[in-house]
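Colleague: I would like a close look at a single part of this model, namely the packing of a few neighbouring helices. Please take it contact by contact and say how each term is meant.

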Amino acid sequence: MTEVVLGVSGGIASYKAAELLRLFTESGHSVRVVPTESSLHFVGAATWEALSGKPVQVGVFEHVDEVAHVRIGQAADLVLVAPATANILAKAAHGLADDLLTNTLLTARCPVMFAPAMHTEMWENAATQANVATLRARGHVVLEPAVGRLTGVDTGKGRLPAPAEIFRAALSVLEGRVQDLRGRHVVVSAGGTREFLDPVRYLGNRSSGRQGFALAEAAVARGATVTVVAANVSLPAPAGVTVVPVVSTEDLRREMHLAAVDADAVVMAAAPADFRPAEFVDAKIKKTADGTTPEIRLVENPDILVELVAARSSKHPVIVGFAAETGDAHATVIEHARAKLARKGCDLLVVNDVSAGKVFGQDDNEAVLLGADGTVEQVPFGPKSALAHTIWDAVVRRLD
Ligand code: C5P
């Protein structure tokens, strides 16, 4: 049985840690809750004792004979602090040890993960950002806070990610993923863009964003700082990633160029519309009395992948494209894909055979990874998360 230490620090989101605790205990993990003194203003020790079935201690001077300040950290398989306030991040970054949780953080030899939650101003403060950078550089996983409603009527970045999403991220860390993307910034595009004809109608495509989100989640588990530029994705965002929502190919293009500036790797998993209407009509296009139908003239959108390749300096960042291909009378799927890889100029092309209507909106996928260096890797049919890790394996090999 894995031993999880759930550190709870004093933010309003600490009530959500109760649900997180249940997710762990119901899936067979043993959880020891270590709250900070101030978190008890929000959720009392009785709640944690009842839900975890274990005693709760805040300071280091109770049950001194049990040497809890050393033993709890030593025995843990994962220490997860959720919510993590600016204060606990600061204490952890500087190695303070004035209560049981901070002592536990210093004695832990296992993976340590923080799910920060605070007001946007506190998160963006240079001191907090420096502390987060320090913790990440030490190999700890610090999830990015979600964007949304904060304590009062205000909204912004700083919200605790959903307990189910923190739980998923924690499980991947528990699986013992090597932190081979630690200190790296990766940018993933996901979903399908929409090109509006008038205020209500658009040209779109069937991309769900599942593969892009699976890539983001896998990269977080491997220690990366992750930005997802998400085009019309209706799935819950993976915990710990920065999501930039976009609508059109032009929006996606702008945000990808911005995010790619300091990226170590860029994966274009989105399906941008190749064409857009030449004109946008401000008012809804009406049916006519004589039944004549409107002509829609299309113009071609820029190829973002080609632009990102052209904009990079030498081989940095590593750039990955996707290709949904069908074979035809002239060439096989792989032959078409090789030609596309050469045209796009990226380092890797993830090739999906979509002849049989597979892939879109499904949880499983199969693919071939083509490398610009001539490598060919067949990825068997399986979950999109498995393909995501295979793609990151290939990216990591090309990073240095
Ligand atoms: O040319 P094709 O659409 O098959 O190429 C697919 C790859 O190119 C994907 O990685 C997709 O994200 C990217 N792409 C792009 N900009 C476009 C169209 C596709 O970056 N306008």
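Colleague: Is the crossing of helix 4 and helix 7 left-handed or right-handed?

Modeller: The crossing of helix 4 and helix 7 is left-handed, in the sense that the near helix is turned anticlockwise from the far one by less than a right angle, a clockwise turn being right-handed. Before going further, please keep in mind that this is a predicted model, in which local features need pLDDT of at least 70 and side-chain atom pairs count only at pLDDT 80 or more, while totals for chains, interfaces and linings use all residues. Residues are numbered from 1 along each chain as its sequence is written, and side-chain values use heavy atoms, with hydrogens and water left out.

The helices named here are DSSP runs of H or I with at least four residues, numbered from the N terminus, strands being runs of E with at least two. Two packed helices are described by the angle between their axes and the distance between the axes. Each axis is a line fitted to C-alpha atoms, for helices over the stretch in contact, and angles run from 0 to 180 degrees between N-to-C directions.

For helix 4 and helix 7 (residues 126-137), the axes come within 9 Å and cross at roughly 50°. Helix 4 is therefore oblique to helix 7, given that angles under 35 degrees count as roughly parallel, over 145 as roughly antiparallel, 65 to 115 as roughly perpendicular and the rest as oblique. On the side of helix 4 the contact (heavy atoms within 4.5 Å) involves Ala86, Leu89, Ala90, Ala92, Ala93 and His94, which meet Thr128, Asn131, Val132, Thr134 and Leu135 of helix 7. Divided by class, these residues are seven nonpolar, four polar and no charged, where Ala, Val, Leu, Ile, Met, Phe, Trp, Tyr, Cys and Pro count as nonpolar, Asp, Glu, Lys and Arg as charged, and the others, Gly among them, as polar.

Helix 4 (residues 86-94) also packs with helix 5 (residues 100-107), here at an angle of about 40° and with the axes 10 Å apart. These two helices are therefore oblique to each other, and helix 4 passes helix 5 in a right-handed crossing. Helix 4 contributes Ile88, Lys91 and Ala92 to this contact, and helix 5 contributes Leu101, Thr102 and Leu105. By class, the contact has four nonpolar residues, one polar and one charged. Ala92 thus belongs to the contact of helix 4 with helix 5, and Ala92 is also one of the residues that meet helix 7.

Helix 5 has a further partner in helix 3 (residues 68-75), the pair packing at an angle of about 50° with their axes 7 Å apart. That angle makes helix 3 oblique to helix 5, and their crossing is right-handed. In this contact Leu100, Asn103, Thr104 and Thr107 of helix 5 meet Ala68, His69, Val70, Ile72, Gly73 and Gln74 of helix 3. The residues divide into four nonpolar, six polar and no charged.

Taken pair by pair, then, helix 4 crosses helix 7 in the left-handed sense and helix 5 in the right-handed sense, while the crossing of helix 3 with helix 5 is right-handed.
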